[in-house]
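Colleague: Please take a close look at one part of this chain, the strand at its C-terminal end of the numbering, and what surrounds that strand.

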Amino acid sequence: MRDQAGADGDAPLDVVLLVSRARGLARAGEPDGALRLLREAERTETGEHRDVLDLLARLHAQRGERAEAAECWQRVLARHPEDPSARAGLARLGRTGPVAALGRHRARTALVAAACVVTAAVAGVVTTLDGPRTARADTDRAAGRQSPGASATPGNGREDAGTAGAGQGKDPAAARRAAALAQDLRAPGLRVTVHGDSAEVAFTQGLFSEGARLTPVGARELALLGERLGGRHLSVTVHGHAATVPGAPRSGGSVVALWRALVAARELSAASGEPLTAFTTDSADQRDAPYPDPARNRTVTLLISPE
């Protein structure tokens, strides 16, 4: 599949629409409405679909209703014993199992991303970076700061945290907090740089094999990072990227890049325990690709700011 192509899905249309509507309500600050919508389908075949039950479980968990959340995930496992999302959810509720289990590859991430795209488009909460991010990149270049893909350190593929743009924010205290955060997030497989009062995180290898399908390594990397984000007061924006292919637009963002941001946000949410609404997602402009290598651009980058 080419990078500009759509993602595959395996759920019936009524399931996709139900999940999309419920997610839209939750994102609009109406979790009770989302719960009512999902419960109305409980006695139907649609209500027993794993995607419906998974979202229902997550809504219960976010409300602190652990028993109800566990019941939903157990219903998923009754039909799909190896379902990674349900197993990870129960592990979190029971505070058992390795955190790395949260990063297992989810075969249906493309479906969830497609449903999220519908919701985000309707709600008008997803934007591209053709304007603001490009402007920021131009400003960075003018100030001598390096773009995400231009400063990898030879030998380890990662730039030292806190060395790019540190202290250049208007608020010295905010810049110091960003530098401290960048140092905390530094890990193999990540390149963390500081831009003013924010830390930018780039992965040193591609996270997706094609479309919005995570590789096992990509899922693990997101899970490990998500664990380190949990319990902090942070503002996190996930920028999706896509390799540019012949005949595709050279700027303006892409749907597949947006899907990738949504999939990554879901993985980070699952690993950190933070709600999906804690993550802002968008498609980066093609001109802001972090690497010259197309395979490594099947990825996301994060802009993280301490609050």
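Modeller: First, the whole chain. Its accessible surface comes to about 13500 Å², with 52% belonging to carbon and sulfur atoms (Shrake-Rupley method, 1.4 Å probe; for residues, only the protein chains shown count as cover). This is a predicted model: local features need pLDDT of at least 70, side-chain atom pairs count only at pLDDT 80 or more, and totals for chains, interfaces and linings use all residues. Residues are numbered from 1 along each chain as its sequence is written, and side-chain values use heavy atoms, without hydrogens and water.

Now strand E8, residues 300–306. Helices (H or I, at least four residues) and strands (E, at least two) are DSSP runs, numbered from the N terminus. In E8, 6 of 7 residues are buried, meaning under 20% relative accessible area with a 1.4 Å probe, protein chains only.

E8 has pairing partners. Strands pair if DSSP finds at least two bridges between them. E6 and E8 run antiparallel, joined by 7 bridges. Here Val236 stands opposite Ile304. E3 also pairs with E8 in the antiparallel sense, over 4 bridges. There Val201 has Leu302 as its bridge partner.

Ile304 touches Leu181, Leu185, Leu229 and Leu234, among others; contact means heavy atoms within 4.5 Å.

E8 also feeds the largest nonpolar core, giving two or more residues. Such a core is a set of buried Ala, Val, Leu, Ile, Met, Phe, Trp, Tyr and Cys residues joined through side-chain atoms within 4.5 Å. This one has 36 residues; Val300, Leu302 and Ile304 are among those with the most contacts inside it. H10 gives the most, with 8 residues.

How values were computed: Buried < 20%, exposed > 50% of the residue type's maximum accessible area, 1.4 Å probe, protein only. Lists of a residue's contacts leave out its neighbours within four places in sequence.
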